[in-house]
Amino acid sequence: NAALRLVEGARDFELEGRIAMKDYGGWFLLLGWNEEHGNGYVVHHCTMKESGAPWFITEMRGHSAVEETTQELKQLEWKRMQDVRVEVRNSLLTFQLGPTKVLDGEMLPNYQPGAIVFGVYDTKYGPRPVHLESLRIRAAADSE
């Protein structure tokens, strides 16, 4: 398990890069993460041998997933080097992997400025091996 905190206090941001995922396992991207309160949103994905590669988005409150907010987005396998673009603007999330929009203007109703964190997590296959070729982020800090 590992996590990389990319930026603190981001309200609106654009994240672009080239990332390769290998083998099986899970990864996540926390958006607007408030460590003290355990609030934010998480896009998470796990590639498994038998049940495919589902993508999910979930709101987190009090360091726990809010089950009724979990949405399964689509089955999409990520196995090779891909261009990645993630944007939050006015609480709307867009996530593009190569030419495919996984999320297109998904409303995050309780989004607040916070950290952006990318990481991998344990599954029965272990954490997902990741290769970061490039990564850049442009973020607007909270002005309130």
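A residue counts as buried under 20% relative accessible area, as exposed over 50%, and as partly exposed in between. Leucine 135, at 34%, is therefore partly exposed. Keep that yardstick handy, since it comes back throughout this briefing on a predicted model. The protein is built from 11 strands and 0 helices, and a good part of what follows concerns how strand S11 pairs up with strand S1 through charged side chains.

**Overall build**

- Going along the sequence, the pattern reads β-β-β-β-β-β-β-β-β-β-β, with 0 helices anywhere in the protein.
- The radius of gyration is 14 Å, which agrees with the value near 15 Å that a compact globule of 144 residues would have.
- Taken along the principal axes, the C-alpha atoms fill a box of roughly 45 × 30 × 25 Å.
- Of the 144 residues, 44% are buried.
- Take the contacts between residues at least 6 apart in sequence: 63% of them join residues at least 24 apart.
- The accessible surface adds up to about 7,600 Å², and carbon and sulfur atoms account for 47% of it.

**Salt bridges**

- Side chains of opposite charge can pair when their charged atoms come close.
- In this model the count comes to 13 salt bridges.
- Arginine 138 and glutamate 14 make one of them, at 2.7 Å from N to O. Arginine 138 sits in strand S11 and glutamate 14 in strand S1 (residues 2-21), so to speak two distant parts of the chain, 124 residues apart, linked by one pair.
- The two partners differ in cover: arginine 138 is partly exposed at 45%, while glutamate 14 has a relative accessibility of 16% and so counts as buried.
- Arginine 18 and glutamate 133 also form a salt bridge, with their closest N and O atoms 3.0 Å apart. Because arginine 18 lies in strand S1 and glutamate 133 in strand S11, this pair ties together parts that are 115 residues apart in sequence.
- Arginine 18 has a relative accessible area of 28%, so it is partly exposed, and glutamate 133 is partly exposed too, at 48%.
- Salt bridges that share partners gather Glu14, Glu16, Arg85, Glu87, Arg89, Arg136 and Arg138 into one network.
- Closer along the chain, glutamate 8 bridges to arginine 5, with 3.0 Å between the closest N and O atoms. Glutamate 8 is exposed at 52%, whereas arginine 5 is partly exposed at 41%.

**A nonpolar patch on the surface**

- Which residues form the nonpolar patch on the surface? They are Leu4, Leu132 and Leu135, and together they offer about 220 Å² of accessible area.
- Leucine 135 belongs to strand S11, which covers residues 130-141. Its 34% relative accessible area makes leucine 135 partly exposed, and a patch member needs over 30%.

**Two residues with positive phi**

- Most residues other than glycine have a negative phi.
- Histidine 63 goes the other way, with a positive phi near 65°. Histidine 63 sits in the loop between strand S4 (54-61) and strand S5 (64-65).
- Is histidine 63 partly exposed or buried? With a relative accessible area of 45%, histidine 63 is partly exposed.
- Asparagine 90 has a positive phi as well, of about 55°, although it is not a glycine. Asparagine 90 lies in the loop between strand S7 (82-89) and strand S8 (92-97).
- At 59% relative accessibility, asparagine 90 is over the 50% cut-off and so counts as exposed.

**A buried threonine**

- Threonine 47 is part of strand S3, which spans residues 39-47.
- Is threonine 47 buried or exposed? Its relative accessibility is 1%, under the 20% cut-off, so threonine 47 counts as buried.
- From threonine 47 to leucine 132 the separation is 85 residues in sequence and 18 Å in space, C-alpha to C-alpha. Leucine 132 is one of the residues in the nonpolar patch.

Terms used
Residues numbered from 1 in each chain as written. Predicted model: local features only at pLDDT ≥ 70, side-chain atom pairs only at ≥ 80, totals over all residues. Heavy atoms only, no water. Patch = residues over 30% accessible without salt bridge, like charges linked within 9 Å, V, L, I, M, F, W, Y side chains within 5 Å. Areas by Shrake-Rupley, 256 points an atom, 1.4 Å probe, with all protein chains shown as cover. Salt bridge = Lys/Arg side-chain N within 4 Å of Asp/Glu carboxyl O. Helix = DSSP H or I, 4+ residues; strand = E, 2+ residues; numbered from the N terminus. Buried < 20%, exposed > 50% of the residue type's maximum accessible area, 1.4 Å probe, protein only. Rg over C-alpha atoms; globule rule 2.2 N^0.38 Å. Contact = heavy atoms within 4.5 Å.
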